[in-house]
Amino acid sequence: MPFGGDWKALYQAAREGELEALTRWLDQGVDPNFQHPEFGTTPLIAAAEMGQLEAVKALVARGAQVDAISDWDRCTAEQAALELGHQKVAHWLRAQSPAAKPRD
């Protein structure tokens, strides 16, 4: 559940790549991993769908889970980016995936 802010505003900022607003809502404590029942997805997946690479990077840096699966269509952010032709976003997300990280 989002605390200390407006999850829908964070979601919209992620979709539109509005980094200042995105940072403000994250600073206020909005959970980047929450999936609102009306939307069934995370701000990270929404940003990936729209090809907003800088928003994707900002969300991941602030704790968004790269491997989260959308309740709505069962896609990860990487899958959503690929499906909509955002290759750079998908490639960057793939590199951040826990499966892509070397194990000690």
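**Exercise 1. In this predicted model, work out which residues of helix H6 (residues 87-96) are buried and what includes their cover.**

*Solution.* Start with burial: Val89, Ala90 and Leu93 of H6 are buried. Next, look down the axis: these three residues span an arc of only 95°, which puts them on the same side of H6. A general rule helps here: an α-helix has 3.6 residues a turn, so residues three or four places apart point the same way. Now turn to the other side of H6, where Lys88 and His91 are exposed. Finally, search for the cover: what packs over the buried residues of H6 includes helix H3 (43-49), helix H4 (53-61) and helix H5 (77-83).

**Exercise 2. Count the aromatic pairs, then describe the one formed by Tyr11 and Phe39.**

*Solution.* With ring centres required to lie within 6.5 Å, the count comes to 4 aromatic pairs. For Tyr11 and Phe39, the centres are 4.5 Å apart and the planes make an angle of 55°, a tilted pair. Then place both rings: Tyr11 belongs to helix H1 (residues 7-16) and Phe39 to the loop between helix H2 (19-27) and H3, so the pair ties together parts that are 28 residues apart in sequence.

**Exercise 3. Classify Tyr11 and Phe39 as buried, partly exposed or exposed, and name the ring cluster they join.**

*Solution.* Take the cut-off for buried, under 20% relative accessible area. Tyr11, at 8% relative accessibility, counts as buried. Phe39 has a relative accessible area of 26% and is partly exposed. To finish, follow the ring pairs: they link Tyr11 and Phe39 with Trp7 and Phe34 into a cluster.

Terms used
Residues numbered from 1 in each chain as written. Predicted model: local features only at pLDDT ≥ 70, side-chain atom pairs only at ≥ 80, totals over all residues. Heavy atoms only, no water. Buried < 20%, exposed > 50% of the residue type's maximum accessible area, 1.4 Å probe, protein only. Helix = DSSP H or I, 4+ residues; strand = E, 2+ residues; numbered from the N terminus. Arc of directions from axis to C-beta. Contact = heavy atoms within 4.5 Å. Phe/Tyr/Trp six-rings, centres within 6.5 Å; stacked < 30°, edge-to-face > 60°.
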